[in-house]
Amino acid sequence: MTYKINLTPRAEREAMIAKRRESSDEFGETIYDFRSDKFTPKVISLPIDVPVYRMENCRTFSAQQTEIAREGLAKDFFEKGQELTTAQQAQHEILARLAKQGTDSVTPIISVLEKDGQRETILITSTGVVVNGNRRLAAMRELMTRKDGSVDDRFTNIKCAVLPPDVTRDEIDDIEADLQARPQTKLDYDWIGDARLIRRQVGKNRSTKEVADRLRRSKTDIENVLQALDEADLYLSEWVKKPGEYDLLQDGQQIFGDLPKAIAKKDANLQNASRAIAWSLYENRDRISGRVYRFNAAFGKLAPQVLEIMEDQLELPADDDEVQIDDDDFAIDIDNDGDSKDYTPIIEVLRDEDTRDEAITTLIEACETAIELDKGQKNEEAALKALAQVNSKITGIDISSAGTPTLPAILKQIGSIRKGLDKIEAAIQARQDGVAADDDGEE
């Protein structure tokens, strides 16, 4: 049974905590780098229903934004819900889910607490807001009532370390950042939560170097994480039109982390087209053999080649052709560079529901081709090997089993292949003619 939040009024919580803190002679773990010194909080016991979840917890940011988007909640539902039962209940359910998550090397926190009970204090403010230990609190609340309805007395009251009454919001952020910097807790954050924590630290007018020092990471790492988050936000808002649904990015740390470096030195048009390649590959990663990572060059240095192959295969209008674009619907044109090649037709076929499926198939094939050609540039037999592979595939095609609806598309592919072969044959003839002319000249 899911735990039901029973919110204690703030004034009542504050008075209870102050009274128990005053009479306590037990101290918790020392907090370092607090107000340029160190601070050792007093520890008190509280009924488990008294503390309240902290809504600004970066660990739950992604899940909160997804909940807001999917349930149509107000954008500030969690931000302004610190003292509201509905928001606290929603936050509890998010935290309870996180408490049940584990990996091959990390045991779910709810399993640890079920076996051992509470071993670490929960860090709270003087008003009972949990600064560190939100997942543990949610787990213990879930464990308090057993499946048979009986109560586990280990969780009716919990141990809490209490911060000073005058602790500020910025100081709480810094404590969270310091706790995240500990190696043993870093795995607890997903990459979006980690990035949000860094963005919030930078937002306090701190340099990336200062944030890096606080989090015990390199300046380059901090800058890369911020750029990856910017790319992730752009993808959600402009490509999939689902801003805030960070759950869609749980598998995207690698590609969104690599994208800023891959497009850094390109003009605006090529950057937009490279993003469209990367985003399309990420969305269709289930259609790719192996890891998407192996296609990094396709939206990096090989993006022009991939786009040229796609343009040819899809028979799209050339750059100087007039293209009708609905500007209101094409929002990733961040800084269109009128002097460079315009890839808008390719981006549009990757976005359009009616053309997307064929375009994705063409994109994946174009990526494979561009990468193979790049690998074979220094191999004199690469062209022959590639043509032999194509010949083998064409020879093996059994057209009798093809569905009737696919025949027009097959004819289109045949035309495209024939066009490509004509180009290759012309290039070979030109080279042979050149060699013959050179030979004549020598005579």
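This short presentation covers helix packing, an aromatic pair and a cavity in a predicted model.

Good morning, colleagues. I shall begin with the helices. Two packed helices are described by the angle between their axes and the distance between the axes.

Consider helix 8, residues 208–215, and helix 9, residues 219–239. Their axes lie 8 Å apart, and the packing angle is about 110°. Helix 8 is therefore roughly perpendicular to helix 9, given that angles of 65 to 115 degrees count as such. On the side of helix 8, the contact is formed by Thr208, Lys209, Val211, Ala212 and Leu215; helix 9 contributes Lys219, Ile222, Glu223 and Leu226. Sorted by class, this contact comprises five nonpolar residues, one polar residue and three charged residues.

Helix 9 also packs against helix 11. Here the axes come within 12 Å of each other, crossing at roughly 80°. This crossing makes helix 9 roughly perpendicular to helix 11. From helix 9, the participants are Glu231, Leu234, Tyr235 and Trp239, and they meet Arg275, Ala276, Trp279, Ser280, Tyr282 and Glu283 in helix 11. The contact of helix 9 with helix 11 has six nonpolar, one polar and three charged residues.

Helix 11, residues 268–283, has a further partner in helix 15, residues 356–375: the two axes come within 11 Å and cross at roughly 105°. Helix 11 and helix 15 are therefore roughly perpendicular to each other as well. Which residues of helix 11 meet helix 15? They are Ile277, Ser280 and Leu281, and their counterparts in helix 15 are Ile360, Leu363, Ile364 and Cys367. In this contact, six residues are nonpolar and one is polar, with no charged residue. Ser280 appears in the contact with helix 15 and also in the contact with helix 9.

I turn now to the aromatic residues. The model holds nine aromatic pairs. One of them joins tryptophan 191 and phenylalanine 256: the ring centres are 6.4 Å apart and the planes lie at 20°, so the pair is stacked. This pair links distant parts of the chain, since tryptophan 191 belongs to helix 7, residues 191–202, and phenylalanine 256 to helix 10, residues 253–263, with the two positions 65 residues apart.

Finally, the cavities. How many cavities of 30 Å³ or more does the structure hold? There are two. The second largest has a volume of about 30 Å³. Its lining consists of Ile5, Asn6, Leu7, Asp49, Val50, Pro51, Val52, Gln88 and Arg141. By class, the lining of this second largest cavity has five nonpolar, two polar and two charged residues.

That concludes the presentation. Thank you for your attention.

Technical notes:
Residues are numbered from 1 along each chain as its sequence is written. This is a predicted model: local features need pLDDT of at least 70, side-chain atom pairs count only at pLDDT 80 or more; totals for chains, interfaces and linings use all residues. Side-chain values use heavy atoms; hydrogens and water are left out. On a 1 Å grid over the protein atoms alone, a cavity is a set of points where a 1.4 Å probe fits but cannot get out, and a pocket is an open set with protein on both sides within 12 Å along at least five of seven lines; lining residues have an atom within 4 Å of a point. Grid points are joined across faces, edges and corners, and a volume is the space filled by probe spheres set on the points. Ala, Val, Leu, Ile, Met, Phe, Trp, Tyr, Cys and Pro count as nonpolar, Asp, Glu, Lys and Arg as charged, and the others, Gly among them, as polar. Axes are lines fitted to C-alpha atoms, for helices over the stretch in contact, and angles run from 0 to 180 degrees between N-to-C directions. Helices (H or I, at least four residues) and strands (E, at least two) are DSSP runs, numbered from the N terminus. Angles under 35 degrees count as roughly parallel, over 145 as roughly antiparallel, 65 to 115 as roughly perpendicular and the rest as oblique. Contact means heavy atoms within 4.5 Å. Rings of Phe, Tyr and Trp (its six-membered ring) pair if their centres lie within 6.5 Å; planes under 30 degrees apart count as stacked, over 60 as edge-to-face and the rest as tilted.
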